[in-house]
Amino acid sequence: MTLLARLDRLPLSRPHYKLLLIGGLGYTFDGMDSAVVAFLLPSAKAVWHLDNGQLGLIGSATPFGFLFGAIAAGLLGDRIGRKKVMMYALACYAVFSVVASFSPNYEVFLGARVLAGAGAGAESAIIAPFLSEFVPAKRRGWFVGALAGFFSFGFVAAALIGRFVVPSFDEGWRVAQLITALPIVMLLWWRRSLPESPRFLLAHGRAAEAENVVAKIERDVEKATGTALPPVPPSDTRPATETPKVNLLSALKFLWSPAMRRRTAVIWTVWFVITFSYYGFFSWIPTLLVERGITVTKSFEFSIIIYLAQVPGYFSAAWLSERLDRKHTIALYLAGSAVSAFWLSQTSAPWSITLAGAVLSFFLNGTYAGVYSYTPEVFPTWIRASGTGLSSAFGRVGSILAPTIIGLSAASLGFAGVFGLTTAVLAAGVLCVLVFGLSTAGRSLEELTEHGAPVAAAKEMTK
């Protein structure tokens with residue numbers, strides 16, 4: 001544990017911010033890929049003469065791929081390493097984004113969107129637990145919340161692409177899809193710049209490699225700050241629990257053991273609630289605006305305003321998560337989302353729809369900042385990637401269901417009914433996290449997960 005105490009006592013400085021930028025760029029392109037599909041739907045509908053059910057399947061394709069990508073990333077991340085999974089996921093996402101841009105028909109496009117979504121989902125699930133393992137406890141909430149905030153830049157970029165690229169070319173939707181493959185160039189940078197997580201290395205008996213990683217970070221921090229490093233605090237000298245082998249069945253057995261099931265149930269519920277609401281809103285907002293009598297071009301302009309509201313949503317929640325605790329930040333932003341969704345259900349004028357949508361966007365994305373900070377904190381190191389990946393994957397069930405449910409039911413429920421349903425889902429999430437959530441702010445990852453009930457459950461798995 002001495003190595004981890006050395007890591008946790010370091011002040012945030014240039015080496016940490018470099019990691020924030022590397023992971024943040026990954027999230028930027030993940031967000032862009034998730035959001036750009038909303039601006040491709042009108043073109044795809046016209047080119048291939050699709051009905052609303054087929055459009056709903058395209059909207060669900062990326063989150064469907066996300067589900068399997070997140071599961072695979074979590075399990076592989078705990079077995080072969082966080083860094084490898086992050087890089088392979090990026091390559092998968094970029095390659096199939098190119099395939100989607102050249103799709104000759106609806107079926108190929110749909111399949112490519114699923115596989116690109118698998119790459120994006122794997123990357124999305126691994127980045128937060130990976131980078132959270134480098135950050136001191138006192139700043140972890142802000143760091144991971146800010147990391148998730150890069151999603152917002154991707155959504156804004158998607159809205160700009162939808163407004164200025166899609167309508168500017170005969171097949172602008174193909175150009176837009178091709179742009180989403182650009183992060184392939186980041187692979188070379190990541191390969192040279194990213195260290196493996198010292199916590200992962202220690203959990204797998206690779207102490208010498210972990211020592212090298214920590215020593216380099218210490219040197220880089222000392223050089224960046226120009227001051228001597230803080231003293232190393234006394235560390236826990238209890239022997240580490242034997243690391244169990246992780247597979248899907250063993251991970252599920254541990255996560256739903258009596259010691260862990262409350263944490264798991266809360267995290268999975270919050271992921272489902274926020275992801276259902278998020279994708280239900282963002283996948284269909286341009287189309288719903290058009291159906292309210294707004295032109296396609298104008299609806300894309302309104303969408304840019306709505307997407308811009310994500311930026312302060314993410315970063316305000318990142319700031320609050322270290323002051324209100326993660327669970328209270330999540331509850332606050334879920335409650336704001338519920339109120340905003342109800343407001344949206346009661347309005348009809350284009351300007352008021354845009355304003356209510358922007359407020360809903362602010363709170364939904366603020367919730368995500370809290371959730372991305374909170375999730376890695378409640379799982380032990382040896383299963384942190386799997387726990388985060390499975391939680392994210394369960395949330396993707398909501399993202400798969402939401403676009404299709406809204407696409408098929410909008411005609412019967414109407415605009416008000418769609419967002420009335422979203423209000424109810426969000427309200428259930430508020431109650432869950434307030435009543436059953438765990439307080440994590442300012443506590444080390446080892447304090448939260450390596451002692452007490454979680455260790456007892458892990459020991460049971462090694463017998």
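Let's start with a pair of side chains close together in sequence: glutamate 209 and arginine 206 meet in a salt bridge, with 2.9 Å from N to O. Both partners sit in the middle band of accessibility, since glutamate 209 is partly exposed at 38% and arginine 206 is partly exposed at 31%. Keep in mind as you look around that this is a predicted model.

A little further on, salt bridges with shared partners join Arg6, Arg9, Glu211 and Glu218 into one network. Within that network, have a look at glutamate 218 and arginine 9, whose side chains form a salt bridge at 2.6 Å, N to O. Glutamate 218 belongs to helix α10 (residues 207-225) while arginine 9 sits in the loop between α1 (2-8) and α2 (14-48), so this contact ties together parts that lie 209 residues apart in sequence. How buried or exposed is glutamate 218? With a relative accessible area of 11%, glutamate 218 is buried. Arginine 9 is buried as well, at 16%.

Another salt bridge to pick out in the viewer joins glutamate 133 and arginine 384, at 2.8 Å from N to O. This pair also links distant parts of the chain: glutamate 133 lies in the loop between α5 (106-132) and α6 (137-164), arginine 384 lies in helix α18 (residues 384-436), and 251 residues separate them. Here the burial is striking to look up: glutamate 133 has a relative accessible area of 0% and is buried, and arginine 384 is likewise buried at 0%. In general terms, side chains of opposite charge can pair when their charged atoms come close. Across the model, the count of salt bridges comes to 14.

What about covalent links between cysteines? A search of the whole structure finds zero disulfides. Two cysteines are still worth a glance for their surroundings. Cysteine 92 is partly exposed, at 26% relative accessibility, whereas cysteine 432 is buried, at 12%.

Next, turn to the empty space inside the model. Rolling a probe the size of a water molecule over the atoms shows where empty space is left. How many cavities of 30 Å³ or more are there? The count comes to two, and the largest cavity holds about 100 Å³ of space. To find it, centre your view on Phe151, Tyr278, Tyr279, Tyr372 and Arg396, which lie nearest the cavity's centre among its 13 lining residues. Several helices come together around this space: α2, α6, α12 (261-282) and α17 (350-377) are the elements that give two or more residues to the lining. Of the contributors, α2 gives the most, with three residues. Sorted by class, the lining of the largest cavity has eight nonpolar, three polar and two charged residues.

Since α2 takes part in that lining, let's stay with this helix for a moment. Leucine 41 is found in helix α2, and leucine 41 is buried, with a relative accessible area of 3%. The C-alpha atom of leucine 41 is separated by 9.8 Å from that of asparagine 52, and the two residues are 11 apart along the chain. In the loop between α2 and α3 (52-79) you will find histidine 49. Is histidine 49 buried or exposed? Histidine 49 is exposed, with a relative accessible area of 68%. The backbone of histidine 49 also deserves a check, with a phi near 55 degrees, a positive value in a residue other than glycine. For context, most residues other than glycine have a negative phi.

Further along the chain, phenylalanine 315 lies in helix α15 (residues 310-320) and is partly exposed, with a relative accessible area of 28%. Phenylalanine 315 and phenylalanine 143 are 172 residues apart along the chain, yet their C-alpha atoms are separated by 9.9 Å.

We can finish with helix α16 (residues 326-345), which has 20 residues and reaches 28 Å from its first C-alpha to its last, close to the 28 Å expected at 1.5 Å a residue. How much of α16 is buried? Of its 20 residues, 14 are buried, so α16 is largely enclosed by the rest of the structure.

How values were computed: Residues numbered from 1 in each chain as written. Predicted model: local features only at pLDDT ≥ 70, side-chain atom pairs only at ≥ 80, totals over all residues. Heavy atoms only, no water. Salt bridge = Lys/Arg side-chain N within 4 Å of Asp/Glu carboxyl O. Helix = DSSP H or I, 4+ residues; strand = E, 2+ residues; numbered from the N terminus. Buried < 20%, exposed > 50% of the residue type's maximum accessible area, 1.4 Å probe, protein only. Disulfide = S-S within 2.5 Å. 1 Å grid on protein atoms, 1.4 Å probe; cavity = no way out; pocket = protein on both sides within 12 Å on 5 of 7 lines; lining within 4 Å. Points joined across faces, edges and corners; volume = space filled by probe spheres on them. Nonpolar A, V, L, I, M, F, W, Y, C, P; charged D, E, K, R; others polar. Expected span 1.5 Å × (residues − 1).
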